[in-house]
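Here is a set of questions and answers on one protein chain. Keep the structure open while reading.

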Amino acid sequence: MKSFELKPTEENLLSTYKNDQIGRNTDIHAFVDILNSLEDSCSIALDGAWGSGKTFFVKQVKMVLESCSPIESKSEYRDEVKTVWKNYHSGKEPEFQAQLCVYYDAWENDNDGDPILSLVYSILQQVDEKTPFPEDNKIFEKVAALADCITGKSTTAVLESMKSDSVLDDLRKSKSIHSTIVEFLDHLLEERADRLVVIIDELDRCKPNYAVQLLEKIKHYFDNERITFVFAVNLQELQHTISNYYGNAFDSCRYLDRFFDLRISLPPANMYRYYQSINFQSDYYTVDVVCKKIIELFHFSLREISRYLKAIRIAEYELTHSDERFNFSDPEGLATQFCTLYMVPLLIALEISDVTSYNQLISGHNPEKLIELLECMDSKYKGHFSELLSRNEIYNTAPESEQQGKEIVTIKEKAVAVYKAIFVKDYTSYDYHCFVGNCKFNAETKTFLLRLVSLLSKYSKYE
């Protein structure tokens, strides 16, 4: 099955940037311009909901910084990135500060005993990977001295640990840490660059004590005019993390103001470009139109969209490869068509975003989500809603000239009627079907619907 998820692999980062597949190149360039304009210490919070693409965004920013920087690097895609940059800037060569850029996944490292040594180790490791330091370089002595301050370990032991992949732990505080870090950073920048950009990702997912320690120690130890910190975070979730550490009565919003000089919201992706890039064109009637409307209604993040569309594809496959054959011109087939076009996409969306509402809907207690969906559909896609009308009925949205002598009904009324026919009505051997307009529902309608939504029916052969 084709994946709809954009994972931050080097290949995806580059191809998405070259083709501007999610419409964020302008935002990437604006953010890079901000970083290049800084001449003093700065801490930036890049705020975005979980699943909105923050990691992808900051890794593309890092890719652009490294590719367009005057500092030589081993980047295989340096020329391709520079070409894209120049295309957006009237062919002008990039004029960047000589900046090192380091990415640090805080969540991946929150089992380390002390975040500072872990961060310093990550900085050294990434810079060394790009352009290795000579073995006798003093930078290793600086890091060894820092580790000795924190851990009490010998220089030899620390240097040996730096050559391995072992996790740094059992760390302690020391009064000389600050001056040792200053020496390390000064030496690093003196040899390699004018500025250092450190991207801290996933801080809002860390254990509260690690998140607080990292923030406070960065504030204390890394107050350097040549360093920029970029925190890719969900600020609302980070505030919850801080409150969990200090208590619910603690003002976590004002607390975070101490650490962030700028707060920048991650702009939304261009959904039109995104849908084009993943070729989201359904082969089954207009279900793609309905899905796009549901994505909009539910405010799905990019991660949620990828999960949603994958589930929709599986459900479609089950239906189109079923041993059953549906005649969409007969009353039962019309009911099946309605369920396929509207109920299946809606129920799958609720399973992903709101299980409580999903359970309320299928148990016959809440038709509001179906009403909301049908009422918001554009008029040009409501043509088959006419199948829900009896011969003497007409919708209140029809021209007045057509309403004469007809019973006026609303989309809401028909949505409720369909909902009751599927989820509320108690069918018996004497009362075994129900018509809503030309659509014929029965006890099997709900069974068919939930079987399809479960994605685990006997027809599920999707690979």
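Q: How many residues of strand β4 (residues 227-233) are buried?
A: This is a predicted model. A residue is called buried when its relative accessible area is under 20%. Strand β4 is mostly covered, and its buried residues number seven of seven.

Q: Which residues of β4 point one way, and which the other way?
A: In a regular strand the side chains alternate between the two faces of the sheet. In β4, Thr228, Val230 and Ala232 point to one side, and the other way point Ile227, Phe229, Phe231 and Val233.

Q: Which residue stands opposite Phe231 of β4 on the β1 side, and which residue of β3 is its bridge partner?
A: Strand β1 (residues 42-47) runs parallel to β4, joined by six bridges. Strand β3 (residues 195-201) is also parallel to β4, again with six bridges. Opposite Phe231 stands Ala45, and the bridge partner of Phe231 is also Ile200.

Q: What is the hand of the β-α-β crossover from β3 to β4?
A: After β3 the chain passes through helix α9 (residues 208-221) and then enters β4. This crossover is right-handed.

Q: Why are the buried residues of helix α2 on the same side?
A: Helix α2 (residues 25-37) has 13 residues and reaches 18 Å from its first C-alpha to its last, close to the 18 Å expected. Its buried residues are Asn25, Ile28, His29, Phe31, Val32, Leu35 and Asn36. They lie on the same side of α2 because the arc they cover around the axis is only 160 degrees.

Terms used: Residues numbered from 1 in each chain as written. Predicted model: local features only at pLDDT ≥ 70, side-chain atom pairs only at ≥ 80, totals over all residues. Heavy atoms only, no water. Buried < 20%, exposed > 50% of the residue type's maximum accessible area, 1.4 Å probe, protein only. Helix = DSSP H or I, 4+ residues; strand = E, 2+ residues; numbered from the N terminus. Pairing = 2+ DSSP bridges. Right-handed = clockwise from strand over helix to strand, strands pointing away. Expected span 1.5 Å × (residues − 1). Arc of directions from axis to C-beta.
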